[in-house]
Amino acid sequence: MLLIKGGRVIDPASGRDEIGHLVLEDGKVREFLTGEAPARFQGKVISAVGKWVVPGLIDMHVHLRDPGYEWKEDISTGTRAAAAGGFTSVACMANTNPVNDSPEVTRHIIEKAHREGYANVFPVAAVTRGLEGKEMADFSELADAGAVAFSDDGKPVENSLLLRRAMEYVRPFGYLILSHAEDSVLAGGGAAHEGWTARKLGIPGIPSVAEEVAIARDILIARQVGGKLHIQHISTRMGVDLLRMARRAGLDVTGETAPQYFTLTDAALEGYDTNAKMNPPLRGEEDRMAILEGIQDGTIDAIACDHAPHEAYVKKCEFAAAANGIIGLQTSLPLSLSLLAGGKVAPARLVELLSAGPARILCLRGKGTLAAGADADVTVIDPEVEWEFGPSDVLSKSMNSPFLGWKMRGRAAATICGGRIRHVTIAGVTADA
Amino acid sequence: MEWHRRNVLGLSDFHPEEMEFVIDTARSMEEVLTRDIKKVPALRGKTVVNLFFEASTRTRTSFEIAGKRLSADVVNFSSGTSSVTKGETLLDTARNIEAMKPNILVVRHSASGAALFLSRHVSCSIINAGDGANEHPTQGLLDLYTILKVKGKIAGLKIAIVGDILHSRVVRSDLHSLGRMGAKLWLCGPAPLVPREMERTGAVVTSDIREAVRGADVIIMLRIQLERQKTAYFPSLREYSRRFGLNRDVFSLAKDDAVIMHPGPINRGVELSDELADCEHSLVLRQVESGVAVRMALLYLLAGGSHVAH
């Protein structure tokens, strides 16, 4: 039994935003109470006065590097970073070694997460065998093993016919394909957004159209086959516009963006900072503004950080040779909280983007809500605390973040997963083993 | 003026006075080159390593001669004869060389930012001899010096640069050296090779070579680098030459006393017609001369010199 008392409970899925007390029991939400907190309570008590109590945050796009690249990250450290960042669930991409294109790998991830994880791990399996873009993976077997969706993330499914067939094939089963939307021919070996910064620095560019063409293609294929589709890491203005258009046309298409795309622009590449190198690349200011608009007007359904850990030496090199990607699980929430400034994004909307939205997209039952009977996944957020993200805060095995040294506002005060306290910074409360 | 730089990584942060100071020093160096014994002991006991990760003959030779004229010990390291091919990282290679205690590393690398990156991790001085499509500062300075010799000034000159602007580190350095000294720059080439964003530098961007050359004082033709192109940016060399090659007909639009420059090596008959390459307006070989003097000047200044020993 766990009582979280006196917090502002924000649960957009059940339309709740009020001060009260949340009782968790047997890994489920038992009830929500208002008025006086229960005087005598048999169990742990967390005081959440002045804090928000929200359904456990869900990051639907992370790379845990396990199996195969455990020196970058593993399921234990990755989920520990997740819990510290307020996330009770993550969906991990298939570009492991071996690739998650077989039920053995899917099960390995699930079982290891069960044993060593600090958060729920939902594997995303490959669309194509070996991520090679040639043959479809065995979707049903993978789904039965526990895969919640399919993506070749890291690369696009280049063959339009193959993507069409895959989307068409899985439609009757309700499986979801997540698209890393990139025309890699148009992207043409680029290393940074094709804009002034790349021109000035002499870095080969990745034009916005490389993403836009791919998003348009994927949406049109979804339309053709009547399938559903989710667009990953949208970074461009036209990408947001295309998603908006698809939605207005009544298509079953959702999309995510990452905190880096509404926080930074390609100006961060000055000095050839390899920690600002990622794919899709940091774009221009007008793209950043468009992402913010998409978040405000509901076009974008989820914020997912694309946590991509890398060991130091693959970043400590000349820009062209540096690996793509940044860690993000511990900075995603505070960077997202910065959206509240100016009042254009309401707290409930933020909770949708970070919890209810991804739960709905991935059909995670019992997640993304605090309604009675839901899973006891809860994040207590201190929206005001000011802190600096320093190297000693990093719980990931890797340090590749452009946000190191940044002053942050707000973070997870407690992360409760399945009724167990997996992370807590509230005085007098200890984490469960 | 006082010289405080430890490295010369690019011209993006060079003030005009600083460039003038380098040119003044180069003038003194050039005087050395007119002597019977073209060698001064200024860098005796200093070691210069030419660390070249990209094929180059002329730039490396120019640095080597510059170093030797100053009595430095010059060692050449090129990737063909190194452990780079065995998968060593750039940083490891540079640190290994650094452990041998050179005073100055002259670095050429195919990745933009490579020289800046190394400067953050090694303690000896670094001269960038070309990093990807970023900068080629000694070329920017030698172009400046060469034009000054002939024209006596930069301000107000119309200077057209024609060719592959996108991949050119020469352009990015010339934009700083010539642009900052007040030239009016025109960038010309096939549209996919002349990014529109370059207008942000204040240069005029065009795909019409006649417009670029009309009334120009200086025309810098760039080598069209077929080897850099994985996919075609224009239909063929034949078409390129027709649209963007400099020949008598196009050159006649320039000022009567216009000069032609080229960082080399020239593709004769492609970007520059055979006759123009050797005509009296061509400064190509004077650029090479200036190059040695400018590189001597930089080596000298980085090694701590303040005046030339006579």
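Reader: How many residues of chain B are in contact with residues of chain A?
Author: This is a predicted model, in which local features need pLDDT of at least 70 and side-chain atom pairs count only at pLDDT 80 or more, while totals for chains, interfaces and linings use all residues. Residues are numbered from 1 along each chain as its sequence is written, and chains are lettered from A and ligands numbered from 1 in the order in which they are written. Two residues are in contact if their C-beta atoms, placed from the backbone, lie within 7 Å. The 15 residues of chain A are met on the side of chain B by 20 residues.

Reader: Which helix gives the most to the side of chain B that touches chain A?
Author: Helices (H or I, at least four residues) and strands (E, at least two) are DSSP runs, numbered from the N terminus. On the side of chain B that touches chain A, at least two residues each come from α3 (90–98), α4 (114–119) and α6 of chain B. With 3 residues, the element that gives the most to this side is α4(B).

Reader: How are α5(B) and α6(B) oriented to each other?
Author: Axes are lines fitted to C-alpha atoms, for helices over the stretch in contact, with angles from 0 to 180 degrees between N-to-C directions. The axes of α5 (residues 137–151) and α6 (residues 169–180) of chain B come within 8 Å and cross at roughly 50°. Angles under 35 degrees count as roughly parallel, over 145 as roughly antiparallel, 65 to 115 as roughly perpendicular and the rest as oblique. The relation of α5(B) to α6(B) is therefore oblique.

Reader: What radius of gyration does chain B have?
Author: The radius of gyration is taken over C-alpha atoms, and the globule rule is 2.2 Å times the number of residues to the power 0.38. For 310 residues, a compact globule would have a value near 19 Å, which agrees with that of chain B, namely 19 Å.

Reader: What distance separates the centres of domain 1 of chain A and domain 2 of chain A?
Author: Domain bounds come from an automatic or database domain assignment, which for chain A gives domain 1 (2–52 + 376–424) and domain 2 (56–361). Taken over C-alpha atoms, the centres of these two domains of chain A are separated by 25 Å.

Reader: Which strand gives the most to the side of domain 1 of chain A that touches domain 2 of chain A?
Author: In chain A, 31 residues of domain 1 are in contact with 42 residues of domain 2. On the domain 1 side, β16 (378–388), β17 (407–417) and β18 (420–424) of chain A each supply at least two residues. With 7 residues, the element that gives the most to that side is β17(A).
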